[in-house]
Amino acid sequence: MDATVAEKPVRFETVMTPAEPVIMQQRQPKIVTEAVTVHYGDKQAIFPLDIKIPDRAVSAFIGPSGCGKSTFLRCINRMNDTIPSCRVGGKITIDGEDIYDPALDVVQLRARVGMVFQKPNPFPKSIFDNVSYGPRIHGLAHNKTDLEEIVEKSLKRAGLFEEVKDRLQSPGTGLSGGQQQRLCIARAIAVNPDVILMDEPCSALDPIATARIEELIDELRENYCIVIVTHSMQQAARVSQLTAFFHLGTLVEVGDTEAMFTNPQERRTQDYIMGRFG
Amino acid sequence: MNTHIVSAFDEELAELRKLIAQMGGLAEDQFAKSIDALSQSDKRLAEKVIASDDKIDRLEKDLEERAIKLIAKRQPMAADLRAIIVAIRISSDLERIGDLAKNIAKRTLAVDEPLPRSVNAGMSRMAELAMEQLSDVLDAYARLDVDKAQDVWLKDSRIDALYNSVFRELLTYMMEDARTIGMCTHLLFGAKNIERIGDHTTNIAENIHYLVTGGPPQGERPKEDSTSVTTVETPAR
């Protein structure tokens with residue numbers, strides 16, 4: 001019997017995750033980085049980092065505190081420019097355009113690359129003004145009707161319009177935490193960005209508000225390239241299609257989210273997502 | 001692998017492995033006893049096997065409850081998640097093996113004459129192979145030994161081949177003497193049960209592969225069971 005067994009071409013092997021994530025074969029790369037480094041003074045925070053981030057998808061950056069994920073996120077809209085000791089090296093392109101090109105208008109860049117922060121930070125102004133501020137200074141509206149339209153559209157996209165339509169003139173700071181965060185998302189999308197960066201957008205919210213934001217992220221990904229930094233592994237697993245794991249300033253592993261959470265290839269990724277000592 | 005930051009998580013996972021080991025031990029024991037009972041027409045032993053089956057069932061329930069609580073409480077990822085899912089799957093295979101052993105014991109009660117010697121020898125040999133496979137696969141699970149699991153996975157065809165010959169032999173008996181149909185039918189199901197135990201054992205081997213590597217085994221497992229397409233020519237009257 002054993003002889004027959006040996007003759008048959010039998011394989012009992014592992015399916016390896018493909019070198020390139022499946023999502024990258026389905027989407028255009030939106031953000032591409034080459035050997036990006038970041039220094040704060042003498043201290044190197046990011047070691048040469050290459051990654052391709054897909055358009056119309058959600059990419060999650062995960063990793064322990066201080067691993068450089070937020071620092072890297074802030075490179076994508078040049079928020080690090082505001083920190084004097086911070087130096088960014090290497091190359092970051094969005095749609096092939098170098099965003100560190102000296103000729104590039106940073107204000108325009110930040111309109112294209114919106115950002116949502118950990119704590120909701122609406123302006124101390126009315127709900128309407130919070131959303132209309134960006135389009136107004138960027139000259140996206142020609143008259144009052146245009147502006148009203150943009151505000152309504154943005155609030156609707158952020159899933160907030162129905163809740164606030166009768167009190168657009170009330171202060172944004174009077175909303176609940178989850179509503180304030182959705183207001184900030186509405187404010188970010190009002191200027192028609194291509195990319196939305198989110199730095200732990202749900203960590204100050206309760207589970208219901210978190211679920212709303214996650215639902216919103218899932219809807220927004222049809223039109224935007226979204227990059228989210230999160231400490232919640234479950235959140236990364238739920239909302240993203242691509243996951244990148246950072247550790248001590250290096251990008252350890254990038255892959256399709258599904259594969260990353262069931263079968264990561266790198267030992268460090270495994271230890272981190274399973275809550276084991278690294 | 002490193003231990004968890006939350007040490008209770010490690011203990012809970014270890015508990016699942018312990019339960020599988022217990023279930024595996026019981027399943028082996030029940031299976032061996034059911035075969036002894038059948039081949040020696042020992043009805044008292046058969047009764048004992050039938051009465052003990054619920055021990056395995058209870059362990060399976062216990063394991064399932066613990067696994068569900070673990071998932072809800074710890075939200076396991078990667079290898080932890082696989083360990084829990086695989087424990088649930090293996091426990092259900094072991095529970096089925098227990099059921100099949102119980103069924104063999106029940107058939108012992110239904111068969112009144114001693115077994116034809118060559119059938120007895122064939123079935124005993126089948127059972128011997130299946131027991132060896134079961135013991136190897138439980139060992140592979142305890143050691144997370146993929147190579148050993150692969151070995152089990154490949155060797156199941158030996159049981160299938162023996163099953164074919166027992167099947168044919170029983171058909172011959174039935175055709176020669178219609179009075180043996182009752183007994184032979186029971187024996188046929190008994191042999192089928194052993195063959196099924198072999199299949200559950202290969203399921204466990206596949207799960208060990210998934211547990212360790214994260215992927216299913218590739219390719220076709222060699223299969224030799226041709227009884228489902230075997231036809232009988234009725235003797236001309």
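Among contacts in chain A between residues at least 6 apart in sequence, what percentage join residues at least 24 apart? In this predicted model, the figure comes out at 70%. Chain A itself is built from 12 helices and 10 strands, and buried residues account for 44% of its 278 residues. Laid out along the principal axes, the C-alpha trace of chain A covers about 85 × 45 × 35 Å.

Now to the strands. Chain A has an open sheet of six strands, and reading across gives the order S6-S7-S8-S3-S9-S10, with mixed pairing. Strand S6 (113-116) and S10 sit at the edges, each pairing on one side only. From one strand to its neighbour, the sheet turns by 20° on average, direction ignored. At the S6 side there is a helix to deal with as well: H8 (residues 177-190) of chain A lies across S6 and strand S7 (195-199), and runs at about 170° to S6(A).

At the S10 side, the sheet finishes in a hairpin of S9(A) and S10(A). Strand S9 (residues 242-247) and strand S10 (residues 250-256) of chain A run antiparallel and are joined by six bridges. Picking out individual positions, Phe245(A) has Glu253(A) as its bridge partner in S10(A), while Ala244(A) stands opposite Val254(A). Two residues lie between the strands of the hairpin, where Leu248(A) takes a positive phi near 50°.

Chain B brings in some helix packing. Two packed helices are described by the angle between their axes and the distance between the axes. For helix H4 (residues 117-143) and helix H5 (residues 146-176) of chain B, the angle is about 165° and the axes are 9 Å apart. Anything over 145 degrees counts as roughly antiparallel, so H4(B) and H5(B) are roughly antiparallel to each other. Their crossing is left-handed. As for what lines up at this contact, the residues of H4(B) with H5(B) split into 14 nonpolar, four polar and nine charged.

A second pair in chain B is made by helix H3 (residues 78-110) and helix H6 (residues 181-213), whose axes come within 9 Å and cross at roughly 170°. That angle makes H3(B) roughly antiparallel to H6(B). Sorted by class, the contact of H3(B) with H6(B) has 12 nonpolar residues, along with seven polar and six charged ones.

Note on methods:
Residues are numbered from 1 along each chain as its sequence is written. Chains are lettered from A and ligands numbered from 1 in the order in which they are written. This is a predicted model: local features need pLDDT of at least 70, side-chain atom pairs count only at pLDDT 80 or more; totals for chains, interfaces and linings use all residues. Helices (H or I, at least four residues) and strands (E, at least two) are DSSP runs, numbered from the N terminus. A residue is buried if 20 or more other C-beta atoms lie within 10 Å of its own, exposed if 12 or fewer, and partly exposed in between; C-beta atoms are placed from the backbone. Two residues are in contact if their C-beta atoms, placed from the backbone, lie within 7 Å. Axes are lines fitted to C-alpha atoms, for helices over the stretch in contact, and angles run from 0 to 180 degrees between N-to-C directions. Angles under 35 degrees count as roughly parallel, over 145 as roughly antiparallel, 65 to 115 as roughly perpendicular and the rest as oblique. A crossing is left-handed if the near helix is turned anticlockwise from the far one by less than a right angle, and right-handed if clockwise. Ala, Val, Leu, Ile, Met, Phe, Trp, Tyr, Cys and Pro count as nonpolar, Asp, Glu, Lys and Arg as charged, and the others, Gly among them, as polar. Two strands pair if DSSP finds at least two bridges between them.
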